[in-house]
Amino acid sequence: MNESLPPLVPGTLYLVATPIGNLEDITLRAIRTLKECDLIAAEDTRRTGQLLKHFAISKPMLSYFQFNEAKRSEELLERLRRGEKLALVTDAGSPGISDPGERVVRAAIKAGFRVESVPGPSALVAALTASGLPTDEFHFIGFLPHKSGQRRNKLESLKNFEGTLVLYESPYRIERLVEELQAVFPERQVVLARELTKKFEEYLRGTPAELAEVLKKRTLKGEFVVLIAGE
């Protein structure tokens, strides 16, 4: 370890951002944290295992995902009580942002433990800054509800927001979302950002109707960040 860099602090939960596509997204600090921690709590140990192998990192891992949050939170708190240095990662991006992590962070803070963010890749920021839409004010929604009625109600509730709207969507629902945007935001400029930092990264810009025409001609793969211009 570089002696000029501070060592990891025992009894600390480190929230480590991981690549959203390109493995070069990762920061030097993230690599050092993963190398020096005692345990890595991962959303998918297989996915994280590939990342660790790429950077020649060998550390024990513990699975931590939506459906075992309560149990794992207690286990992680016990390890923090023993003075262990824990790294929490998700499949891609920053833990807790539309990914597991929020619950264990609250539990660690409530129990009096130190929580430290190791910032890095974020699909939200990457898409917003390259979208061409205003960045001075924005509202992050995350994933919309799956049920059509709830999705439509959520979009309707956002009509009067002045800043740029940012949400995540899967390739399986992107066509339906564009149809809903035609009904709720017919005149707004929309940006579909997909495959961020990967080989086929792409930004599609236009009104919902224009984007619907594109989707009729092409099958778009990959996870999407959808940005909608403010009122």
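**Figure 1. Contact between helix 3 and helix 4 in the predicted model.** On the helix 3 side, the contact is formed by E69, A70, S73, L76, L77 and L80, which meet R103, V104, A107 and A108 of helix 4. Helix 3 covers residues 69-81 and helix 4 covers residues 102-110; the two pack at an angle of about 40°, and their axes lie 10 Å apart. The two helices are therefore oblique to each other, given that angles under 35 degrees would count as roughly parallel and those from 65 to 115 as roughly perpendicular. Their crossing is right-handed. By residue class, the contact of helix 3 with helix 4 comprises 7 nonpolar, 1 polar and 2 charged residues.

**Figure 2. Surroundings of S73 in helix 3.** S73 belongs to helix 3 and is one of the residues through which that helix meets helix 4. Its relative accessibility is 5%, so S73 counts as buried, the limit for this class being under 20%. Beyond its neighbours within four places in sequence, S73 is in contact with Y64, R103 and V104. Of these partners, R103 and V104 are in helix 4. V190 lies 117 residues from S73 along the chain, and the C-alpha atoms of the two are separated by 39 Å.

**Figure 3. The largest nonpolar core and the contacts of L177.** This core contains 22 residues, among which L177, L181, L192, V226 and I228 touch the most other members. Two or more residues each are contributed by strand 7 (164-169), helix 7 (174-184), strand 8 (190-194), helix 8 (208-217) and strand 10 (224-228). The greatest contribution is that of helix 7, with 5 residues. Leaving aside neighbours within four places in sequence, the contacts of L177 are L144, R151, L155, L167, E169 and V226. A second core, separate from this one, consists of 16 residues, including L8, L34, C37 and I57.

**Figure 4. Surroundings of T33 in helix 1.** T33 is located in helix 1, which spans residues 28-36. With a relative accessibility of 1%, T33 counts as buried. When neighbours within four places in sequence are set aside, T33 is in contact with L8, Y14, V16 and V118. One of these partners, L8, is also a member of the second nonpolar core.

**Figure 5. G120 in the loop between strand 5 and helix 5.** The loop that holds G120 links strand 5 (114-118) to helix 5 (123-131). G120 has a relative accessibility of 37% and therefore counts as partly exposed. Apart from residues up to four places away in sequence, G120 touches A17 and T27. G120 and D25 are 95 residues apart in sequence, yet their C-alpha atoms are 7.6 Å apart in space.

**Figure 6. Overview of the chain for orientation of the close-up views.** The secondary structure of the chain comprises 8 helices and 10 strands. The C-alpha trace spans about 55 × 35 × 30 Å along its principal axes. The chain has 231 residues, of which 48% count as buried. Among contacts between residues at least 6 apart in sequence, 72% join residues at least 24 apart.

Notes
Residues numbered from 1 in each chain as written. Predicted model: local features only at pLDDT ≥ 70, side-chain atom pairs only at ≥ 80, totals over all residues. Heavy atoms only, no water. Helix = DSSP H or I, 4+ residues; strand = E, 2+ residues; numbered from the N terminus. Buried < 20%, exposed > 50% of the residue type's maximum accessible area, 1.4 Å probe, protein only. Contact = heavy atoms within 4.5 Å. Axes fitted to C-alpha atoms, helices over the stretch in contact; angles between N-to-C directions. Parallel < 35°, antiparallel > 145°, perpendicular 65-115°, else oblique. Left-handed = near helix turned anticlockwise from the far one by under 90°. Nonpolar A, V, L, I, M, F, W, Y, C, P; charged D, E, K, R; others polar. Core = buried A, V, L, I, M, F, W, Y, C linked by side-chain atoms within 4.5 Å.
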